[in-house]
Amino acid sequence: ALSLKAKILTYAASPLFNGNSEHTNVVDSRGVKIFSQSYDPAKWTRASIAIKEAIDVCHEAGHALFDFNNLPEASIVSKETLLSMQTKGAATERWNPEIIWGDTQSDTYVLQRFAQPAFIHWNTNGNITFRSWAPTLRTVEQFYTKNGIPIEEDKEWININPYSLRTADQSHKYYIEPNYTTVNLHFNREPRFYGAIAFDGGKFYGNGVLTDDAMLTSKFLLGSYNIAWFQNRHSATGYLAKKMIHRLSSVSQTAGTFTIYRYTFPVIRLADLYLLYAETLNEIKQSPDSEVYKYIDLVRNRTGLEGVIESWRNHSTNPEKPLSKDGMREIIQRERMIELAFEGQRYWDLRRWKLLKEYMNMPIQGWNITSRETVGFYKVQTLAFPKFEEKDYLWPIRQENILKNRKLIQNPGWQ
């Protein structure tokens, strides 16, 4: 309950509802403005106090960040695999100590069917896995490099074309199939990327295989198992959201069966609160300090990344970025989009930050999934041009409700 209160107060403090001039015309039946047009910094303070209270109570109740080291498999897998499973496990391990609120009503059986790659021919399991929860290319690019910073800021990536082809060697064997040709975009990324994204040539920990050496490989070229012959049973972008598949769920490689290990969908987990706390502290302080960095670094360190200051100082073309309020705000926002990817948080974060108009009007892109050849497959395809307008920030009130209650006023743009 305290965690939910904290999230609601953070929402109220965020730009969408705190001094948003676009809400000038939102009034009630008396003409009274619903939303204050002046920015109130006290809302961030109120939210920060609520989040800290929630964190403290969660700690007292035994909640802690999930650690794959506490599972039996930790002793038989590589460090690379272990780190990639940290955030994946935080979201999918049943009632692990990081879960504050897990939704038992969410059907993770269906969810996993949509995210699960296929590893055998379509006519054996074509009706078992749906293979269509497809992250966009932008989502894939959003994850950090192995240095814990964005690709576009990493000094080591200045002369690297992310879309150029490269063949994997043994040094990448825990993340990419050796001797398999894919794109630079899939090399030298942070562990959370490899735990969250199934890509062409990417290794897949789980599916009944809980050791490193026998890991399966996901493939997406036309004619392989994931770009299927079923028109509505394939990834539209050439990726799948493997993060939300439990490590014990598996598609049989000899029969058309899918064994699902169910879990509660993570509505609120401790890392969410840590990142919210870092965000509110950054907003109420003149400039970020050790307290702000502490809570974001706790989340980053779990997957083997350096702290924010160290990462940007050692690897970024903009080493001063974490030292400013604006720079740190951008870092925290991206950190949330990475850490909580595919957990139903991104849309609501972008909405409260008032960034939906920017993000949702970008073209939706993926790879050329109609190609049977590697060169042809890695051609960027634009799948759609979405249109997001200012009115979409506030959804329309159902006409049925307006007819029942004449004092309700329809939101702007939906009249």
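Me: Which element gives the most to the lining of the largest cavity?
Reply: That is α3, which supplies four residues of the lining. Keep in mind that we are looking at a predicted model.

Me: Okay, and which elements each supply at least two residues there?
Reply: They are α3, α7 and the strand β4, which covers residues 203–204.

Me: What volume does that largest cavity have?
Reply: Its volume is about 100 Å³. The lining is made of 13 residues, and Ser-84, Tyr-194, Lys-203, Tyr-205 and Lys-242 lie nearest the centre.

Me: How does that lining split by class?
Reply: You'll find seven nonpolar, three polar and three charged residues in the lining of the largest cavity.

Me: How many cavities of 30 Å³ or more are there?
Reply: The count comes to two. The second largest cavity holds about 40 Å³ of space.

Me: Which residues line that second one?
Reply: Look for Ser-84, Thr-87, Lys-88, Phe-143, Arg-192, Gly-195, Ala-196, Lys-243 and Ile-338. Two elements, α3 and α7, give two or more residues to this lining. By class, the second largest cavity is lined by three nonpolar, three polar and three charged residues.

Me: Let's switch to pockets. How much space lies in the largest pocket?
Reply: About 550 Å³. It is lined by 31 residues, and the closest to its centre are Glu-330, Gln-333, Met-337, Leu-355 and Tyr-359.

Me: Which elements give two or more residues to that lining?
Reply: Those are α6 (137–142), α8, α11 and α13 (356–360). The largest share comes from α11, with six residues.

Me: And what about classes in the lining of the largest pocket?
Reply: There are 15 nonpolar, five polar and 11 charged residues in it.

Me: How much space is in the second largest pocket?
Reply: The second largest pocket has about 380 Å³ of space. Of its 17 lining residues, Glu-80, Lys-146, Tyr-175, Arg-189 and Pro-191 are the closest to the centre.

Me: Which elements give two or more residues to that one?
Reply: Both α3 (79–92) and α7 (191–196) do. The largest share, three residues, is from α3. Sorted by class, the lining of the second largest pocket has seven nonpolar, five polar and five charged residues.

Me: Now helices. How are two packed helices described?
Reply: With the angle between their axes and the distance between the axes.

Me: Try that on α2 and α8. At roughly what angle do their axes cross?
Reply: Helix α2 (residues 42–60) and helix α8 (residues 270–284) have axes that cross at roughly 150° and come within 9 Å. Angles over 145 degrees count as roughly antiparallel, so α2 is roughly antiparallel to α8.

Me: Left-handed or right-handed, that crossing of α2 and α8?
Reply: Left-handed.

Me: Which residues of α2 and α8 meet?
Reply: From α2, the residues include Trp-44, Ala-47, Ile-51, Ile-55 and Cys-58. From α8, Leu-273, Tyr-274, Tyr-277, Leu-281 and Ile-284 are among them. By class, the contact of α2 with α8 has 13 nonpolar, four polar and three charged residues.

Me: Where do α1 and α8 make contact?
Reply: Helix α1 (residues 2–13) and α8 have axes that come within 11 Å and cross at roughly 35°. Ser-3, Lys-7 and Thr-10 of α1 make the contact with Asp-272, Leu-273, Leu-276 and Thr-280 of α8. These residues divide into two nonpolar, three polar and two charged. The crossing of α1 and α8 is left-handed.

Me: Last pair: how do the axes of α9 and α11 cross?
Reply: Helix α9 (residues 290–302) and helix α11 (residues 325–339) cross at roughly 30°, with their axes coming within 12 Å. This crossing is left-handed.

Me: And which residues meet there?
Reply: On the α9 side they are Val-292, Tyr-293, Ile-296, Val-299, Arg-300 and Arg-302. On the α11 side, look for Met-328, Ile-331, Ile-332, Glu-335 and Glu-339. The contact of α9 with α11 has seven nonpolar, no polar and four charged residues.

Conventions:
Residues numbered from 1 in each chain as written. Predicted model: local features only at pLDDT ≥ 70, side-chain atom pairs only at ≥ 80, totals over all residues. Heavy atoms only, no water. Axes fitted to C-alpha atoms, helices over the stretch in contact; angles between N-to-C directions. Left-handed = near helix turned anticlockwise from the far one by under 90°. Contact = heavy atoms within 4.5 Å. Nonpolar A, V, L, I, M, F, W, Y, C, P; charged D, E, K, R; others polar. Parallel < 35°, antiparallel > 145°, perpendicular 65-115°, else oblique. 1 Å grid on protein atoms, 1.4 Å probe; cavity = no way out; pocket = protein on both sides within 12 Å on 5 of 7 lines; lining within 4 Å. Points joined across faces, edges and corners; volume = space filled by probe spheres on them.
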